[in-house]
Amino acid sequence: MTFPEKLSIPSEVLKIAKTLEDAGFETWCVGGTIRDNLLGVENHDFDLTTSAPPAEIQKVFKRTVPVGIEHGTVAVLDGSNQPHEVTTFRKDIQTDGRHAVVEFGVSLMDDLARRDFTINAIAYHPIRHEWRDPFQGEHDLEKKLIRSVGDPNWRFQEDYLRILRALRFSARFEFRIHPRTLEAAKANAQGLAQLSAERVHDEWFKGIKTAKRVSKLVTLWRDVGATRIWLPEMGAGSGDVGAVDKLPRDPVLITAYLAKDPASLLTRLKCSNKDIERGRAIGVWRAKYPDPKDPVAIRRWLSATGEHADDLLALLPASGSRLPKAVAAIRAKSPPLTMKDLAVRGDDLIATGVRPGPAVGEALARLLEEVLEDPARNTKAYLLSRV
């Protein structure tokens with residue numbers, strides 16, 4: 001692989017870079033967008049790194065957002081209100097494995113030296129069309145290799161999330177991890193316990209969405225020891241790892257499929273209540289599919305699983321391949337499946353003498369059972385006669 005003479009830089013990014021250069025501040029394009037463009041992967045979200053301190057960036061541009069100003073990052077808004085991140089050259093001077101204290105005003109070389117992997121430590125000058133690749137990232141892109149910048153042990157101990165990033169990049173691009181980098185990842189895996197659940201959640205979900213084969217990502221997490229620390233329910237999961245490649249690219253669905261106790265795992269990852277409930281339903285119902293030949297059983301199953309029925313159908317074992325067609329046939333008739341679908345309401349039951357309170361709910365539940373047995377029973381006259 002050789003560097004192209006020029007990269008196609010969006011005009012708004014080029015305008016920001018030129019403004020900073022004209023103000024006397026060295027400015028380069030760097031990071032994932034450079035990597036992706038060299039790989040032929042579409043990515044127009046160019047990040048800039050500059051010698052300008054954050055306060056100077058805010059002076060040079062009228063419209064900015066301090067998205068990560070403590071780390072040197074300021075978002076500059078273009079004419080369409082689109083933010084473009086501009087980060088001051090940085091150098092780590094102290095780190096605890098989760099957060100780094102950085103020094104500003106260093107050189108481009110210092111800034112590239114603090115980055116995680118060689119393929120992410122390539123810089124391009126958008127005006128002079130010059131390249132900087134001090135750690136031979138170009139060669140590693142050609143070799144399809146994930147390799148740490150400098151000593152991999154130090155890189156991972158600066159921020160243990162880099163271990164998970166190595167696994168994500170490996171699965172996304174189908175690159176192998178350099179032996180020393182992989183060895184260091186395994187040796188430092190225990191440090192992953194220091195990370196916040198939110199960061200791990202983002203990395204795991206992003207990995208599932210971007211991996212060419214999710215099974216590769218899962219295998220890497222297991223081999224390095226990341227699942228033992230953060231996803232222990234996957235150690236004895238109900239799902240076959242190879243089967244995940246055939247599932248919809250839905251992180252919650254895939255995580256639940258692989259976990260013995262999906263709700264517990266999704267709770268640990270600080271997922272939303274809605275996602276946790278999805279996992280809980282999968283854990284309860286994935287071994288309780290109805291007989292495709294029994295419409296009554298299918299209606300009861302649809303009533304009980306509610307909005308989670310489609311998740312369960314997506315995880316259906318091959319032996320149940322006839323169920324989706326049977327479910328579609330039932331749904332096409334729009335049968336009553338919940339108490340809200342009944343032809344009577346609580347007030348109707350109270351008017352017949354049912355005592356207000358729990359007795360109303362119990363009566364509606366009994367009537368729903370009758371209607372699930374035979375949807376033709378869902379008439380007000382019939383249901384009131386059964387109260």
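Why does R165 count as partly exposed? R165 is partly exposed because its relative accessible area is 24%, where buried means under 20% relative accessible area, exposed over 50% and partly exposed in between (1.4 Å probe, protein chains only).

The structure is a predicted model, in which local features need pLDDT of at least 70 and side-chain atom pairs count only at pLDDT 80 or more, whereas totals for chains, interfaces and linings use all residues. Residues are numbered from 1 along each chain as its sequence is written, and side-chain values use heavy atoms, with hydrogens and water left out.

## Salt bridges

A salt bridge is a side-chain nitrogen of Lys or Arg within 4 Å of a carboxyl oxygen of Asp or Glu. By this rule the model has 24 salt bridges. Three of them are listed here.

| Pair | Closest N and O atoms |
|---|---|
| R165 and D116 | 2.8 Å |
| R199 and D159 | 2.9 Å |
| D311 and R278 | 2.8 Å |

In the pair of D311 and R278, D311 belongs to helix 16 and R278 to helix 14, so the salt bridge ties together parts that are 33 residues apart in sequence. Helices (H or I, at least four residues) and strands (E, at least two) are DSSP runs, numbered from the N terminus. Both D311 and R278 are buried. A further set of salt bridges shares partners and joins R35, D36 and R172 into one network.

R165 forms a salt bridge with D116. This pair links distant parts of the chain, 49 residues apart: R165 is in helix 7 (residues 161–173), and D116 is in the loop between helix 4 (108–113) and strand 8 (123–124). D116 counts as buried because its relative accessibility is 7%.

R199 forms a salt bridge with D159. Here too the pair links distant parts of the chain, with R199 in helix 9 and D159 in the loop between helix 6 (152–158) and helix 7, 40 residues apart. R199 counts as partly exposed at 25% relative accessibility, while D159 is buried with a relative accessible area of 16%.

## A buried aspartate without a salt bridge

D78 lies in the loop between strand 4 (73–77) and strand 5 (83–88). D78 is buried yet has no salt bridge, and the nearest side chain of opposite charge, R63, is 5.9 Å away; Lys and Arg count as positive and Asp and Glu as negative, while His and the chain ends are not counted. The side chain of D78 does make a polar contact with the side chain of H84, at 2.8 Å. A polar contact is a pair of N or O atoms within 3.5 Å; within protein, one must be able to donate a hydrogen and the other to accept it, and residues adjacent in sequence count only if both atoms are side-chain atoms. Leaving aside residues up to four places away in sequence, D78 touches E12, R63 and H84, contact meaning heavy atoms within 4.5 Å.

## Helices 9, 10 and 12

The axes of helix 9 (residues 197–210) and helix 10 (residues 214–224) come within 9 Å and cross at roughly 145°. Axes are lines fitted to C-alpha atoms, for helices over the stretch in contact, and angles run from 0 to 180 degrees between N-to-C directions. V200, W204, G207 and I208 of helix 9 meet V214, L217, V218 and W221 of helix 10. The residues of this contact divide into 7 nonpolar, 1 polar and no charged; Ala, Val, Leu, Ile, Met, Phe, Trp, Tyr, Cys and Pro count as nonpolar, Asp, Glu, Lys and Arg as charged, and the others, Gly among them, as polar.

The buried residues of helix 10 are V214, S215, L217, V218, L220, W221 and V224. Their cover includes helix 7, strand 11 (176–177), helix 8 (179–187), helix 9, helix 11 (226–230) and helix 12. G225 follows helix 10 and has a positive phi, near 105°.

Helix 12 (residues 251–258) is mostly covered, with 8 of its 8 residues buried. Helix 9, helix 10, helix 13 (262–268), helix 14 (273–285) and helix 16 (309–314) are among the elements covering the buried residues of helix 12. At the N-terminal end of helix 12, D250 acts as a cap, with a side-chain oxygen 3.0 Å from the backbone nitrogen of V252.

## Loop residues with positive phi

E174, in the loop between helix 7 and strand 11, has a positive phi near 55° although the residue is not glycine. E174 is partly exposed, with a relative accessible area of 36%. S334 also is a residue other than glycine with a positive phi, near 50°, and is found in the loop between helix 17 (323–332) and helix 18 (346–351). S334 counts as exposed at 58% relative accessibility.
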